[in-house]
Amino acid sequence: MRLINYPVLIFILLFTGCTTYDAYLYEVIDMKAANADNAGELTVATDADSISKKAYAIQLEYTMQFAGESGEDVDPHESGYQNKYNVTSFNVYCLDTFDMQHLPGTSINNYFLVSRGGSYTANNTIEQLVHNGTIGIGRGYSGNIIDTWTSTQYLILMQPPVNNGNYRFVIDIEQSNNTHMIDTIATHLY
Amino acid sequence: MKKIFSLLLLLIATHASAGISPKDSTKKSFFHHLSFSTVVCEAGPFFPVKEKKIRSLPFGMNSYLYNVQSGGTSYGFFAAGVYYDDRFGVEILYRRSSFEVDGAEFSKYLSSKYPEHYVKTYWGVNEVVEGLAYRLCYKFHFRYFQVEPQLQFGINNLYTYDESFFLKEKGSNNFIEYSIRKVNQKKNIVDYHLIVDILKRLHLKGVDVFNFELGIKTELMMMPTSYNYILTESPYGGTPTVNEVQVKQNHLAYGVEAVIRFYFKR
């Protein structure tokens, strides 16, 4: 074999091993909010009438729907998932007076951190979530492409209200296809 | 390191040619004295030695670093060696060793320091040392086997990484982020090995080009390191507390490995 063929062969071998794949697309078609309790090691949804305000969280359950592929080169083992529509705004506000700085209808986004049910850090803000633009997650490969699936995310209340009482929270998420997903939950915080 | 290696090769060449007169056709050429070897595989268990001085480190570093585990692995491959008169040789190879530090003690330390917080199980650290190594070798030939003491030096990539722990307060959303950042104080991490190989050379029938050498390798290793550990405790909404601990370790270890080599005849 000619000497020049060796670099060509190496070049071909290197680049055939670096195939990139297109992604599967999904849309978030629904969002349901529920009360959650973060007093234990993990955050769990709860039907309790009263929740400790120091450990209060909001569970968001997203419903995703399969929305096709971003290109022709998809592989069920290799391709990732991509949200078809980015989040353009994410607003949490209280229908009651939360504290003196937050009257009814005022955003209380900066009082929450975002978690997937395990750990969270001071950087996991709602502002960061909107900056990243993505909610929901893809569905792992299980042999078939599934049409709809769900995932959960939690909003952890880091600044509880001074007063105990009944509170109603509204979560309003807007996506880049100009759709809004809105849900309201009520709880008694002590 | 490379300069020392090149100097050694030059010394071999100078020594070999010193006794040869250009007019003396009965003397063999320098290259006729050379033979080559390559390591197919060297692999075996690796036993780090616990360093007692680690026990006195503050801020939990004694728990974090002391409990280095036995049972790591060490292996070498892609070796090329050249020997003069089947005795004195130099070798270059790729070596990799891994060792683990058990995390149970550090988990207990965090739990006792933060009793009002959940501490997830910490499994410990797996550190990997890899890079090119250079050997000076000398073979002693006996009737049925050969003994080969070796001195080995290597400049390494030591793969170690920063860590962070999420400590959630019981009954509350509050938490502490506890992080350990490691800053290397040395420009290069060099390891030193004292090795003795005991090998049996096997001649294969009908094969004249090379022999197999099989045997065991025993080695003692030292790898001095110096790291600054920066420990940061950040309560949410509070003021972080930072502590710094300088740790010098020798990373002493011994190993026993099986060796398989090709030895190419002159």
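Biologist: How many salt bridges are counted between chain B and chain A?

Modeller: Side chains of opposite charge can pair when their charged atoms come close. In this predicted model, the count of such salt bridges between chain B and chain A is zero, although a search of the whole structure finds 19 over all chains.

Biologist: What, then, does the contact between the chains consist of, in residues and in buried area?

Modeller: The contact takes 12 residues from chain B and 16 residues from chain A, and the two chains bury about 1200 Å² between them, with 55% of that area on carbon and sulfur atoms. On the side of chain B, the residues that lose the most area to chain A are B:Phe166, B:Asn173 and B:Tyr236, which together account for 44% of what that side buries.

Biologist: Which residue forms a salt bridge with B:Glu233, and where in the chain do the two partners lie?

Modeller: The partner of B:Glu233 is B:Lys113, and their closest N and O atoms are 3.7 Å apart. This pair links distant parts of the chain, since B:Glu233 belongs to strand 12 and B:Lys113 to helix 3 of chain B, 120 residues apart. With a relative accessible area of 38%, B:Lys113 is partly exposed.

Biologist: Which salt bridges does B:Glu148 form, and is its side chain buried or exposed?

Modeller: B:Glu148 meets B:Lys139 in a salt bridge at 3.6 Å, N to O, and it forms another with B:Arg261, where the closest N and O atoms are 3.4 Å apart. The pair of B:Glu148 and B:Arg261 joins strand 7 to strand 14 of chain B, 113 residues apart. B:Glu148 has a relative accessible area of 0%, so it counts as buried, the cut-off being under 20%. B:Lys139 is buried at 0%, and B:Arg261 is likewise buried at 0%.

Biologist: How many disulfides does the search find, and where is the cysteine sulfur nearest to that of B:Cys137?

Modeller: The search finds zero disulfides over all chains. B:Cys137 is in none, and the nearest cysteine sulfur, that of B:Cys41, is 17 Å away. B:Cys137 is buried, because its relative accessibility is 2%.

Biologist: Which kind of surface patch includes B:Phe142, and where in chain B is this residue placed?

Modeller: B:Phe142 belongs to a nonpolar patch on the surface, whose members include B:Phe88, B:Tyr144 and B:Ile216, and which has about 890 Å² of accessible area together. B:Phe142 sits in the loop between strand 6 and strand 7 of chain B, and at 47% relative accessibility it counts as partly exposed.

Technical notes:
Residues numbered from 1 in each chain as written. Chains lettered and ligands numbered in written order. Predicted model: local features only at pLDDT ≥ 70, side-chain atom pairs only at ≥ 80, totals over all residues. Heavy atoms only, no water. Disulfide = S-S within 2.5 Å. Buried < 20%, exposed > 50% of the residue type's maximum accessible area, 1.4 Å probe, protein only. Patch = residues over 30% accessible without salt bridge, like charges linked within 9 Å, V, L, I, M, F, W, Y side chains within 5 Å. Areas by Shrake-Rupley, 256 points an atom, 1.4 Å probe, with all protein chains shown as cover. Salt bridge = Lys/Arg side-chain N within 4 Å of Asp/Glu carboxyl O. Helix = DSSP H or I, 4+ residues; strand = E, 2+ residues; numbered from the N terminus. Contact = heavy atoms within 4.5 Å. Buried area = accessible area lost by both parts, 1.4 Å probe.
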